[in-house]
Amino acid sequence: MMSVTVEAVGAPRVDVRLAEPPQVSELCFPQHLIKTRGSPDPASGVLQKLAGVVRAVSGDGLLLLSYVDLRFTAPNGAEQEPTGFDPAHVPIVTRFVCNPVTRELSRLPDSICDPMGDLRCDGHMGLVTGADRGHGQGPPDRFALAVLHGNMMIRFLSETGDWEIVEVSPCRLPLARRMDLCPEAHAVGGRLWWVDLTWGAISADPFSDRPELSFVQLPTRSVLPAGAQDEDLASYRRVGVSEGRLRYVEVSQEEPFLISSFVLDEEGGDWTLEHRVVPNKIWGPSMWIPLQMKGTTSIVLMDPLNANVVYLMLMSQIVIVDMEREEVIESCPYGSDSSCIPCVLPPWLGQSRIPSAGKKDVEKNKTSADVLVRSDGHYKR
């Protein structure tokens with residue numbers, strides 16, 4: 001698990017400090033590679049913050065890093081809390097694809113969107129890779145970044161090295177309602193999936209000449225009415241990828257409290273219940289864990305290599321539960337304040353290169369079997 005946001009530092013190269021999950025790994029980034037509009041005058045009452053996140057992860061371990069040059073008004077100087085964003089500043093988004101094993105970077109060209117439109121789209125940007133050789137079992141030979149915008153897709157293809165806007169073929173939805181997509185895209189089977197945690201998921205193939213949208217509804221009992229509002233929804237509902245399949249896990253908020261896990265079928269049309277466990281029965285043997293009540297347990301992530309295992313948050317502790325065995329297999333303190341992204345690093349990643357695109361800065365280091373990469377969806381001072 002990688003700590004907080006990706007810190008921008010005055011170092012010559014990327015520094016990835018790997019730790020065995022569930023311990024926290026860290027990624028620091030050389031700030032001289034981030035595009036900015038210069039530095040504000042120290043006497044201007046404006047503070048600069050280079051805010052970086054791991055925006056997305058491909059199925060084979062490549063990271064999409066996103067940096068924004070933010071400015072805050074602080075009339076009393078750096079010693080005081082900022083009073084807000086600088087209205088005269090237009091933020092710039094700088095994106096890189098990173099191999100966390102070799103430390104290789106590929107800087108992407110600026111988006112074709114206007115700066116504010118690019119900033120709004122950034123949170124939903126996904127990364128997916130493809131490989132023609134090795135039947136998809138080896139290093140990728142192309143990648144795509146993509147985000148949906150109405151009936152259009154904004155995408156970057158490594159094969160062309162350019163951003164473009166393409167029309168998507170719509171799909172028939174079961175109801176006429178608006179989708180409220182979470183700021184996270186999941187790469188599965190050459191497609192990107194975006195999720196509305198009240199209703200369902202929508203997917204598309206960014207490599208296609210004309211991407212076609214496909215929709216799958218959440219399990220029936222998990223579908224909420226249109227317009228349902230719950231700020232904590234993402235804490236007890238999670239869609240992710242494990243063992244190469246899209247999966248959905250939820251912790252019920254009403255008695256009897258249950259942890260339920262579903263897998264999407266190979267055709268992408270329906271969900272199958274895999275596990276349903278009673279957390280209070282699991283907590284019983286662990287005397288320090290209190291009985292489950294509404295809001296006490298949140299989902300951190302699914303284990304990307306073992307679909308039986310889910311990482312939960314309880315009383316500032318990471319609790320790792322094997323749903324098949326119905327037991328806690330590990331727990332440890334969690335000193336962070338935001339979510340995590342699982343990332344599997346295949347053994348060949350240490351000897352592979354990022355598919356050609358943009359400006360590169362190559363850095364190498366040791367390999368690792370897997371790591372959980374930390375992401376933060378909020379820009380903070």
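**Questions on a predicted model**

Me: Which strand holds R95?
Reply: In this predicted model, the chain contains 3 helices and 27 strands. R95 belongs to the strand that covers residues 93-98. That element is strand 7.

Me: Is R95 buried or exposed?
Reply: A residue counts as buried when its relative accessible area is under 20%. The relative accessibility of R95 is 3%, so R95 is classed as buried.

Me: With which side chain does the side chain of R95 make a polar contact?
Reply: Leaving aside neighbours within four places in sequence, R95 is in contact with several residues, including L64, S106, D122, M125 and W163. D118 is also one of these contacts. At 2.7 Å, the polar contact of the R95 side chain is with the side chain of D118.

Me: Within what arc do the buried residues of helix 1 fall?
Reply: Helix 1 covers residues 115-122, and its buried residues include D118 and D122. G117 and C121 are buried there as well. Seen down the helix axis, the buried residues line one face of helix 1, because they fall within an arc of 140°.

Me: Against which strands do the buried residues of helix 1 pack?
Reply: The buried residues of helix 1 are G117, D118, C121 and D122. Strand 7, which holds R95, is among the strands they pack against. The full set is strand 4, strand 5, strand 7, strand 10 and strand 11.

Me: How many disulfides does a search of the whole structure find?
Reply: A disulfide requires two cysteine sulfur atoms within 2.5 Å. The search of the whole structure finds 0 disulfides. For C113, which is in no disulfide, the nearest cysteine sulfur is that of C121, at 5.1 Å.

Me: Which residue makes a side-chain polar contact with E164?
Reply: E164 lies in strand 12, residues 162-167, and is partly exposed at 28% relative accessibility. Not counting residues up to four places away in sequence, E164 touches I112, M153, I154, R155 and L157. The polar contact, at 2.7 Å, joins the side chain of E164 to that of R155.

Me: What distance separates the C-alpha atoms of E164 and C113?
Reply: E164 is in strand 12. Along the chain, E164 and C113 are 51 residues apart. In space, their C-alpha atoms are separated by 9.5 Å.

Me: Which residues of strand 13 are buried?
Reply: In a regular strand, side chains alternate between the two faces of the sheet. Strand 13 covers residues 185-188, and both of its faces are covered. The buried residues are A185 and A187 on one side, with H186 and V188 on the other.

Me: Which residue of strand 14 stands opposite H186?
Reply: Strand 13 and strand 14 run antiparallel and are joined by 4 bridges. Their hairpin has 2 residues between the strands, and G189 takes a positive phi near 55° in it. Opposite H186 in strand 14 stands W193.

Me: Is P12 buried or exposed?
Reply: P12 sits in the loop between strand 1 and strand 2. Its C-alpha atom is 8.1 Å from that of H32, a residue 20 positions away in sequence. The relative accessibility of P12 is 64%, and the threshold for this class is over 50%, so P12 counts as exposed.

Me: What percentage of the residues of the chain count as buried?
Reply: The accessible surface of the chain comes to about 17900 Å², with 49% of it belonging to carbon and sulfur atoms. One of the buried residues is C332, with a relative accessible area of 8%. Of the 381 residues of the chain, the buried share is 52%.

Methods:
Residues are numbered from 1 along each chain as its sequence is written. This is a predicted model: local features need pLDDT of at least 70, side-chain atom pairs count only at pLDDT 80 or more; totals for chains, interfaces and linings use all residues. Side-chain values use heavy atoms; hydrogens and water are left out. Buried means under 20% relative accessible area, exposed over 50%, partly exposed in between (1.4 Å probe, protein chains only). Two strands pair if DSSP finds at least two bridges between them. A polar contact is a pair of N or O atoms within 3.5 Å; within protein, one must be able to donate a hydrogen and the other to accept it, and residues adjacent in sequence count only if both atoms are side-chain atoms. Contact means heavy atoms within 4.5 Å. The arc is that of the directions from the helix axis to the C-beta atoms. Accessible areas come from the Shrake-Rupley method with a 1.4 Å probe; for residues, only the protein chains shown count as cover.
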